[in-house]
Amino acid sequence: QLQLVESGGGLVQPGGSLRLSCAASGFRLNYYAIGWFRQAPGKEREGVSCIASRGGRSLTNYADSVKGRFTISRDDANNTAYLQMNSLKPEDTAVYYCAATILRLGACPTTVAEVRGYWGQGTQVTVSS
């Protein structure tokens, strides 16, 4: 079965940290660009961060709202991607999804429309005191 499974969400106080994981099964993640997206209640799903590989290097992109606080990474040997989230704010509260898609070399998905591959089921992140 081809799927992505997110984990690592939960309830955290403002200023806290969480690390989300996105594990792929049934296919090799190293062939894909990976994106993390989030959807808050009543809002559209938005891109948070993405990562692609080119020439042995990882190319990353971050939404302005998370720059300097979130870090995306990938461990192709373990077929898993991560999103390290630090200095969390209440406005980061959302369901977080990972996605894997094939784009042109070096590109990664920053919008939902760019994802033509796989989506995970989502993991809830709640930032509240």
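This is a guided tour of a predicted protein model, with a suggestion at each stop of what to select and what is there.

**Before you start**

Because the model is predicted, local features need pLDDT of at least 70 and side-chain atom pairs count only at pLDDT 80 or more, while totals for chains, interfaces and linings use all residues. Residues are numbered from 1 along each chain as its sequence is written, and side-chain values use heavy atoms, with hydrogens and water left out.

**The whole chain**

Begin with the whole protein in a cartoon view, where the secondary structure comes to zero helices and eleven strands, helices (H or I, at least four residues) and strands (E, at least two) being DSSP runs numbered from the N terminus. Along the sequence the pattern reads β-β-β-β-β-β-β-β-β-β-β. The radius of gyration is 14 Å, close to the 14 Å that the globule rule gives for 129 residues, so the protein is as compact as a globular protein of that length; this radius is taken over C-alpha atoms, and the rule is 2.2 Å times the number of residues to the power 0.38. Measured out along the principal axes, the box filled by the C-alpha atoms is roughly 40 × 30 × 25 Å.

Now switch to a surface view. The accessible surface comes to about 6,600 Å², and 46% of it belongs to carbon and sulfur atoms, with areas from the Shrake-Rupley method, a 1.4 Å probe and, for residues, only the protein chains shown counting as cover. Of the 129 residues, 43% count as buried, where buried means under 20% relative accessible area, exposed over 50%, and partly exposed in between (1.4 Å probe, protein chains only). Among contacts between residues at least 6 apart in sequence, 61% join residues at least 24 apart, a contact being heavy atoms within 4.5 Å.

**The nonpolar core**

Next, select Leu-4, Leu-29, Trp-36, Phe-70, Leu-83, Met-85 and Tyr-96, which touch the most other members of the largest nonpolar core, a set of 28 residues. Such a core is a set of buried Ala, Val, Leu, Ile, Met, Phe, Trp, Tyr and Cys residues joined through side-chain atoms within 4.5 Å. At least two residues of this core come from each of β3 (18-25), β4 (33-39), β5 (46-54), β7 (70-75), β8 (80-85), β9 (94-101) and β11 (123-127).

Centre the view on Met-85 and show its surroundings: leaving out residues up to four places away in sequence, Met-85 touches Gly-16, Ser-17, Leu-18, Leu-20, Arg-69, Phe-70, Tyr-96 and Val-125.

**Cys-98 in strand β9**

Move to Cys-98, which is found in strand β9 and counts as buried at 0% relative accessibility. Beyond its neighbours within four places in sequence, Cys-98 is in contact with residues including Cys-22, Trp-36, Tyr-118 and Trp-119. A C-alpha to C-alpha distance from Cys-98 to Leu-20 gives 9.4 Å, although these two residues are 78 apart in sequence.

**Tyr-82 and Gly-8**

Select Tyr-82 in strand β8, a residue that counts as buried at 15% relative accessibility. Apart from neighbours within four places in sequence, its contacts are Arg-19, Leu-20, Ser-21, Trp-36, Thr-71, Ile-72, Ser-73 and Asp-75. Then add Gly-8, which lies 74 residues from Tyr-82 in sequence and 9.5 Å from it in space, C-alpha to C-alpha. Gly-8 is found in the loop between β1 (3-7) and β2 (10-12), and at 35% relative accessibility Gly-8 counts as partly exposed. With neighbours within four places set aside, Gly-8 is in contact with Leu-18, Arg-19, Leu-20 and Thr-123.

**The loops on either side of β8**

Select Asn-79, in the loop between β7 and β8, where phi is positive at about 55° although the residue is not a glycine; Asn-79 is buried, with a relative accessible area of 8%.

Ser-87 is found in the loop between β8 and β9, and its phi is also positive, near 50°, in a residue other than glycine. Ser-87 is partly exposed, with a relative accessible area of 40%.

Finish on Leu-88, which lies in the loop between β8 and β9 and counts as buried at 1% relative accessibility. Not counting residues up to four places away in sequence, Leu-88 touches several residues, among them Val-12, Pro-14, Phe-70 and Val-127. Leu-88 and Val-125 are 37 residues apart in sequence and 9.8 Å apart in space, C-alpha to C-alpha.
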